[in-house]
Amino acid sequence: MKKRRQRRGDFQGSRINPRNFSRGQIKFYVILIPLAVFMILPVIMLVNRAFMPLGELFAFPPHIVAHNPTMNNFKSLFALSSTTGVPMLRYLLNSVLVTVMTVALNLVITILGAYTFAKKNFKGKGALFEINQLALMFVPTAVAISRYLVITRLHLTDTWLVHVLPLAAMPVGLFLVKQFTDQIPDALIEAAVMDGAKELTIVRKIIVPLIRPALATSIVLTFQQVWMATEASNNYVNNDTMRTLAYYLNSLSTNNAIAAAGMTAAASVLLFLPNLIIFVCMQSQVMNTMSHSGIK
Amino acid sequence: MRPAERNRKRRRFTKEDGKAYLMLLPYIILFSTFILVPVIIAMGLSFTYFDVINEPSFTGLLNYITLFTQDEVFLKYVLPNTFLYALIVGPGGYVISFLLAWMLAQIQPIPRTILALCIYTPSMLGGVFIGVIWKTIFSGDQSGWFNSILLRLGLVDTPVQFLLTSDYFMLIMIIVSLWSAMGIGFLSMISGILNIDQELYEAAYVDGIRNRFQEIIYITVPSMKPQMFFGAVMAIVNAFNMGWIGVTLSGANPTPNYSGQLITNHIDDYGFLRYEMGYAAAISVVLLLVVYGFNMVAGRLFGDND
């Protein structure tokens, strides 16, 4: 009896993050693999739809994998201009432009904010960070209306800024980067101050290189939000030439669902792939950041 | 409050403080303009009648009184729907993401990364994409994936109108929301579990912990409280942010027979369709309070108690 418990004790102690396979892991695989398949299958099916010819899209029984893959959906998507004469490429360019601007602006704001919160003592710091922590719980849809009123009063409607500014300050991103910056030793910054380094030089030369993983995470999160956002295009922009790909995809899928099924899938893939690629490239940095993500 | 802290509070605003605020300025400006001010405006408007065209006129608590005594749709559908949905997708999704993270932490790194990626992917898709995928799956003709399975198995004779009738609508909304709920809270919990000191487990077994359930309750959860709290906040916010899902799936607001009508849809209904902004603002305030309440509970469970 004693021996058995001893053995179990050893086994339990080495279970987290195991290097090697052991029989005890089989039960987890049995649960996790089917679940992972359930999670990813709809995505795989949609990606395949993008490459199906029209006949296959509405086949019965439906195909999961494209039997006769074709690029036609992508070709017609690019050839198609919306009713107002805006080509698809324009929407794509708008999306890229808006995303790059937002991610860049967000990055600068987040670096400065996180550094100040983590390494500066100033009046009102506690209260301000508390407010930011409260804002993690913020539900944007709740105040869509008053946001709309603010944006109209500021005359931001029908400008590029309306895509960028509302998403540039992201409480979650700031929170994660600040938590990560906390662990940089103060001595490092003090030494730089002794050497006469200016504030911005410290940020650029010391802080930024050390918090790269957290910044990568912030980029991933901002990218996901902006790239997929339809709010600005729907509510704040009246001019089709200033709307984004996510908006266009949305209008494709709602207005002529059947005729555009293949093109909708193709546009979905164009939207989804950059998202996936960026996350896969940065996933180890994201996980690194997440170990400092706790709220205390 | 410690004396040192009190001293800091009492001292005057210095040049250093000014510099700190200067660096925070861009964040403070954007945060105030698009988050703080809208919340304050919503609070203010909730005490008025406002139809966008005329100036708001003060009506006191009338909007709130109407909401809780006369708004039949709100009381009969929206409120019960929202609580049912939020409880399952919020705490339910939270428990699921913890269990998944817990299992993932106990397998080898490479399969873990692959499986975690599969599970995380749906959460980064965004509204449009989710709508396109699940409308295809639950489409009401035989080319809908789910209908075609049912037809082939002989379970139904004619395709079921999943998204146009109320019978299964809420269930589908919950499945879709849970499907996309394994986001950064889930990632945070994985790394929380991975970072727990191994010796804690060994010590616990010496101290007489016998099974995995006890291990989770006494070691795993208490050792990663900060991540548990972060995960809880993310789960709650996600549940309420997914409020558009019913409208996306059915393509209409209100949803079929109000079966999937959530509080966010009710806000949109009054704000953007009927232009009763004061009333819509009152519903927004109720929503924010509900979210805050949920988070307070999470804070009680996982926050620092000092």
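## A look at chain A and its contact with chain B

Chain A has 15 helices and zero strands, where helices (H or I, at least four residues) and strands (E, at least two) are DSSP runs numbered from the N terminus. This is a predicted model, in which local features need pLDDT of at least 70, side-chain atom pairs count only at pLDDT 80 or more, and totals for chains, interfaces and linings use all residues. Residues are numbered from 1 along each chain as its sequence is written, while chains are lettered from A and ligands numbered from 1 in the order in which they are written.

On confidence, the model scores ipTM 0.87 and pTM 0.88. For chain B the mean pLDDT (the predictor's confidence in each residue, from 0 to 100) is 89, and 95% of its residues reach 70 or more.

Now for the two parts of chain A. An automatic or database domain assignment divides chain A into domain 1 (24-70) and domain 2 (87-290). Their centres, taken over C-alpha atoms, are 31 Å apart. Seven residues from domain 1 of chain A and six residues from domain 2 of chain A take part in the contact between them, two residues being in contact if their C-beta atoms, placed from the backbone, lie within 7 Å. On the domain 1 side, α2(A) gives the largest share, three residues.

Next, chain A meets chain B: the contact takes 77 residues from chain A and 87 residues from chain B. On the chain A side, 12 residues come from α15(A), the largest share.

Here is how the two touching sides of chain A split by class, with Ala, Val, Leu, Ile, Met, Phe, Trp, Tyr, Cys and Pro as nonpolar, Asp, Glu, Lys and Arg as charged, and the others, Gly among them, as polar.

| Side | Nonpolar | Polar | Charged |
|---|---|---|---|
| Chain A, touching chain B | 48 residues | 22 residues | seven residues |
| Domain 1 of chain A, touching domain 2 of chain A | six residues | no residues | one residue |

What about the interior? The largest nonpolar core (buried Ala, Val, Leu, Ile, Met, Phe, Trp, Tyr and Cys residues joined through C-beta atoms within 7 Å) has 166 residues, and Ala101(B), Val233(B), Ile236(B) and Ile283(B) have the most contacts inside it. Domain 1 (24-70) and domain 2 (87-290) of chain A both give residues to this core, so it lies between them. Buried here means that 20 or more other C-beta atoms, placed from the backbone, lie within 10 Å of a residue's own. Leaving aside neighbours within four places in sequence, Val233(B) is in contact with Leu136(A), Met137(A), Ile295(A), Asn295(B) and Ala298(B).

How values were computed:
A residue is buried if 20 or more other C-beta atoms lie within 10 Å of its own, exposed if 12 or fewer, and partly exposed in between; C-beta atoms are placed from the backbone.
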